Amino acid sequence: MPEAEYRIEDLAHRSGTTVRTIRAYQDRGLLPKPERRGRANVYRDTHLARLRQIGGLLDRGYTLASIKELLDAWDSGRGLGGVLGLVAEIDGPWSDEEPGRITRADLDERFGGTRDDEAVADAVALGVLVPLPSSPGEFLVPSPRELAVAVELHAAGVPLPAISGHLRELRTQVEHIASRFLDFTTEHVFQQFLDRPPTDEAAIEAASLVRRLRPLAQQAVDAELARAMRALATRHLHQHLDAWAPDADPQDGGPGGTEHAAPTAAPQRPAPPAAEQVTLPATTVRAVRALVGAGNVAAFITAAAEREVQARVMNGLLPRP
């Protein structure tokens, strides 16, 4: 069966590009020159395949200069399959989370039943929700976990504008962490593949390394976030406890509420340290009150703080590995 032949207009239509773009690719050496037949230029399926390869690489963020290097390497016999596999590995999902879908009615219900068009527009701008043109009133949810966090924060009393503002701030900081991890792994692992256009074998090896190292950034951030949250939340609680604790009652032995001992029956002891006033967030006090009752709030918070202090002392006595 003879190979298909195309005029430049037909080639542009079949490839989804323009005549002007095809000529620009030819001038840059990205596309082989057509066969000259009389006064006409004839293009073949090889030109169509090349245009589709260029379009795919452009969609993945490659520049025309880098695409030319890759295609030159392929034309010289070094292969392009491994490079395209590496591109697919990097462009693939970096999480095992599956996207979800939600209707506008369900969305409103999850956020208290009140319609808030401004909040939805903000979520769309952030990419938390993606409108589905084929299904009006329905959204794609790229990260159901992220949406669930917003639902829980709103249920706890956080206004929607504060949630979206916090997400913007968090996203900037996380992108900085991702950039630093990328620089780190590039310097110590992937630089060997970037000094020159990779061979097919080198690209396959790099793709395998991406698969192995891809989860490490999230694992490291998860561990460090858990450590930092525990340390900072404990410090935050202690600071508020110190500011909120009531003054010691002169009729008792201190905040423990022990009975006053007869002056002639008990040995002399140093006076207990003066208590300090601690200001706690109202939400914290309400949560403790709901858990243990209004009469036990101070005792519960004191016991929780003492337990944490004792745990840290015990940790300090353990031998280091």
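## Two sheets and their helix neighbours

Three strands form an open sheet here, in the order 4-6-5 and with antiparallel pairing. Its edges are taken by strand 4 (100-103) and strand 5 (130-131), each of which pairs on one side only. Strand 5 runs antiparallel to strand 6 (residues 138-141), and two bridges join the pair. If you would like a residue to start from, pick V130, whose bridge partner in strand 6 is L140. Please keep in mind as you look around that this is a predicted model.

### The sheet 1-3-2

Another open sheet of three strands has the order 1-3-2, again with antiparallel pairing. Strand 1 (5-6) and strand 2 (35-37) stand at its edges with a single partner strand each, so one side of each has no neighbour in the sheet. Strand 1 pairs with strand 3 (residues 40-44) in the antiparallel sense, over two bridges. Within that pairing, Y6 has Y43 of strand 3 as its bridge partner. Helix 3 (residues 45-59) packs on this sheet, where it touches strand 1 and strand 3, and its direction makes about 65° with that of strand 3.

Strands of a sheet pair through backbone hydrogen bonds. Side chains add a link of their own here: E5 and R37 meet in a salt bridge, at 2.9 Å from N to O. This pair ties together distant parts of the chain, with E5 in strand 1 and R37 in strand 2, 32 residues apart. In total, the structure holds 15 salt bridges.

### Helix against helix

Here are three helix pairs to explore, with their packing geometry.

| Helix pair | Angle | Axes apart |
|---|---|---|
| Helix 1 (residues 8-15) and helix 2 (residues 19-27) | about 100° | 9 Å |
| Helix 7 (residues 117-126) and helix 9 (residues 160-194) | about 10° | 10 Å |
| Helix 8 (residues 144-155) and helix 9 | about 135° | 10 Å |

Take helix 1 and helix 2 to begin with: their angle of about 100° makes helix 1 roughly perpendicular to helix 2. Helix 1 brings I8, E9, L11 and A12 to the contact, and helix 2 brings V19, I22 and R23. By class, these are five nonpolar and two charged residues, with no polar ones.

Helix 7 and helix 9 pack at an angle of about 10°, which means that helix 7 is roughly parallel to helix 9. On the helix 7 side you will find A119, D122, A125 and L126, and these meet L160, S164, L167, R168 and R171 of helix 9. The residues of this contact divide into five nonpolar, one polar and three charged.

Helix 8 approaches helix 9 at an angle of about 135°, and the two are therefore oblique to each other. The crossing of helix 8 past helix 9 is right-handed. Helix 8 contributes E146, A150, L153 and H154, while helix 9 contributes L160, I163, L167 and R171. Sorted by class, the contact of helix 8 with helix 9 has five nonpolar, one polar and two charged residues.

Which residues of helix 9 are good ones to follow from one contact to the other? L160, L167 and R171 are among those that meet helix 7, and L160, L167 and R171 are also listed among the helix 9 residues in the contact with helix 8.

Definitions and conventions: Residues are numbered from 1 along each chain as its sequence is written. This is a predicted model: local features need pLDDT of at least 70, side-chain atom pairs count only at pLDDT 80 or more; totals for chains, interfaces and linings use all residues. Side-chain values use heavy atoms; hydrogens and water are left out. Axes are lines fitted to C-alpha atoms, for helices over the stretch in contact, and angles run from 0 to 180 degrees between N-to-C directions. Helices (H or I, at least four residues) and strands (E, at least two) are DSSP runs, numbered from the N terminus. Angles under 35 degrees count as roughly parallel, over 145 as roughly antiparallel, 65 to 115 as roughly perpendicular and the rest as oblique. Contact means heavy atoms within 4.5 Å. Ala, Val, Leu, Ile, Met, Phe, Trp, Tyr, Cys and Pro count as nonpolar, Asp, Glu, Lys and Arg as charged, and the others, Gly among them, as polar. Two strands pair if DSSP finds at least two bridges between them. A crossing is left-handed if the near helix is turned anticlockwise from the far one by less than a right angle, and right-handed if clockwise. A salt bridge is a side-chain nitrogen of Lys or Arg within 4 Å of a carboxyl oxygen of Asp or Glu.
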